[in-house]
Amino acid sequence: MAEKTVTINLIINNVEKTFPVEPNENLLDLLRRVSYPSVKRGCDTGDCGVCVLLLDGQPVRSCMTLAVEADGHAITTLEGLSDPNGDLHPVQQAFIETGAIQCGFCTPSMILASKALLDANPAPSADEIRASLSGVLCRCTGYVRIIEAVQRAAAVLRGEAVPPVSHIDRVLPADGEPIELPTPYYRRDESTDPLPPLVFTPPDMEPTQVVGQPEVKVDAVKLAKGKPVFTDDIQIEGMLTGALLTSPHAHARIKRIDASRA
């Protein structure tokens, strides 16, 4: 027997909404069902963190939170982070500028967790950023540019001017000569702050205009806004869903197909 549905009230991105839900339906399933594709489905066990959203301003794993538990509470998803005019939040902008977005699957949770951190701590250290984001796994970036993005957004939110994102150019020494790195890269001061990329080029190489220069990822803005860019995010009204039925036999001759239930 199907469980009786329950009506809950949520404030999603500052808009009051009412939904019928099953008692055992989690927030992840609900929000994806009602077209909030920025809330990603990952492990479904609370380990990866890609389903993180803000519940009353605090990061929670939506796959581990029942929808009925959120009744009457405020939820923020990445769709609601930009202002009403569509202007990006400083955290979103910083993720775009620093190259902190690669595949973009963990980006919504990373950005929301970063916002929660900066709301509580306007000047976090690199180690504090690492600790705050440790619950969201990223398999692409190595986290360096993500930490840089959070530091950059923190400076903007404090009203500080931030320089353009760039790298350091160096010329390769002649064959056999050692490569000397700038002093900060030896980490003798035990700093853990991100450093800009080092780009070494041969001495006889012509200067380049595009190759080796910082470039914004072509889909960075829509990833930073939580737009439906992955196949599982796309829902079309009346869309049919197909399933593949495979044979339990490695080699067999089909004599008849019963299509009565099709």
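Let's start in the middle of the sheet, where strand β3 (residues 52-55) and strand β5 (residues 74-76) run antiparallel and are joined by 2 bridges. Two strands pair here if DSSP finds at least two bridges between them, and both helices (H or I, at least four residues) and strands (E, at least two) are DSSP runs numbered from the N terminus. If you want a residue to click on, take Leu55, whose bridge partner in β5 is Ile75.

Before going further, a word on what you are looking at. This is a predicted model, in which local features need pLDDT of at least 70 and side-chain atom pairs count only at pLDDT 80 or more, while totals for chains, interfaces and linings use all residues. Residues are numbered from 1 along each chain as its sequence is written, and side-chain values use heavy atoms, with hydrogens and water left out.

Now work outwards from β3 on its other side. Here β3 meets β4 through 4 bridges, and the two run antiparallel. Leu53 sits opposite Val60 of β4. The hairpin of β3 and β4 has 2 residues between the strands, and Asp56 in that hairpin takes a positive phi near 55°.

Back to β5, which also pairs with β1, this time in the parallel sense and over 2 bridges. Ile11 is the residue to look for there, standing opposite Ala74 in β5. Strand β1 (residues 6-12) in turn pairs with β2, antiparallel and over 7 bridges. In that ladder Ile8 faces Phe19 of β2. The β1 and β2 hairpin has 2 residues between the strands, and here Asn13 has the positive phi, near 50°.

Put together, that gives an open sheet of 5 strands in the order β2-β1-β5-β3-β4, with mixed pairing. At the edges are β2 (15-21) and β4 (58-61), each of which pairs on one side only. On average, neighbouring strands in this sheet are turned by 40° against each other, direction ignored. For angles like this, axes are lines fitted to C-alpha atoms (for helices over the stretch in contact), and angles run from 0 to 180 degrees between N-to-C directions.

What packs on the sheet? Helix α3 (residues 107-120) does, touching β3, β4 and β5, and its direction makes about 35° with that of β3. Contact means heavy atoms within 4.5 Å.

From α3 you can move on to the other helices. Helix α4 (residues 126-133) packs against α3 at an angle of about 125°, with the axes 10 Å apart. That makes α3 oblique to α4; angles under 35 degrees count as roughly parallel, over 145 as roughly antiparallel, 65 to 115 as roughly perpendicular and the rest as oblique. In this contact, Met110, Ala113, Ser114 and Leu117 of α3 meet Glu128, Ile129, Ser132 and Leu133 of α4. Sorted by class, these are 5 nonpolar, 2 polar and 1 charged. Here Ala, Val, Leu, Ile, Met, Phe, Trp, Tyr, Cys and Pro count as nonpolar, Asp, Glu, Lys and Arg as charged, and the others, Gly among them, as polar.

Helix α3 also meets α5, with axes that come within 11 Å and cross at roughly 45°. These two helices are therefore oblique to each other. On the α3 side the contact uses Met110, Ser114, Leu117 and Leu118, and on the α5 side Ile146, Val150, Ala153, Ala154 and Leu157. The tally for α3 with α5 is 8 nonpolar, 1 polar and no charged residues.

Follow α5 across to helix α2. The axes of α2 (residues 90-98) and α5 (residues 144-157) come within 8 Å and cross at roughly 135°, so α2 and α5 are oblique as well. Among the residues making this contact are Pro90, Val91 and Phe95 of α2 and Arg145, Ile146 and Val156 of α5. The whole set divides into 10 nonpolar, 1 polar and 4 charged.

One last stop is an aromatic pair. Rings of Phe, Tyr and Trp (its six-membered ring) pair if their centres lie within 6.5 Å, and planes under 30 degrees apart count as stacked, over 60 as edge-to-face and the rest as tilted. By that rule there is 1 aromatic pair. The ring centres of Phe105 and Phe230 are 5.2 Å apart and the planes are at 85°, so this pair is edge-to-face. It links distant parts of the chain, with Phe105 in the loop between α2 and α3 and Phe230 in the segment after α6 (220-224), 125 residues apart.
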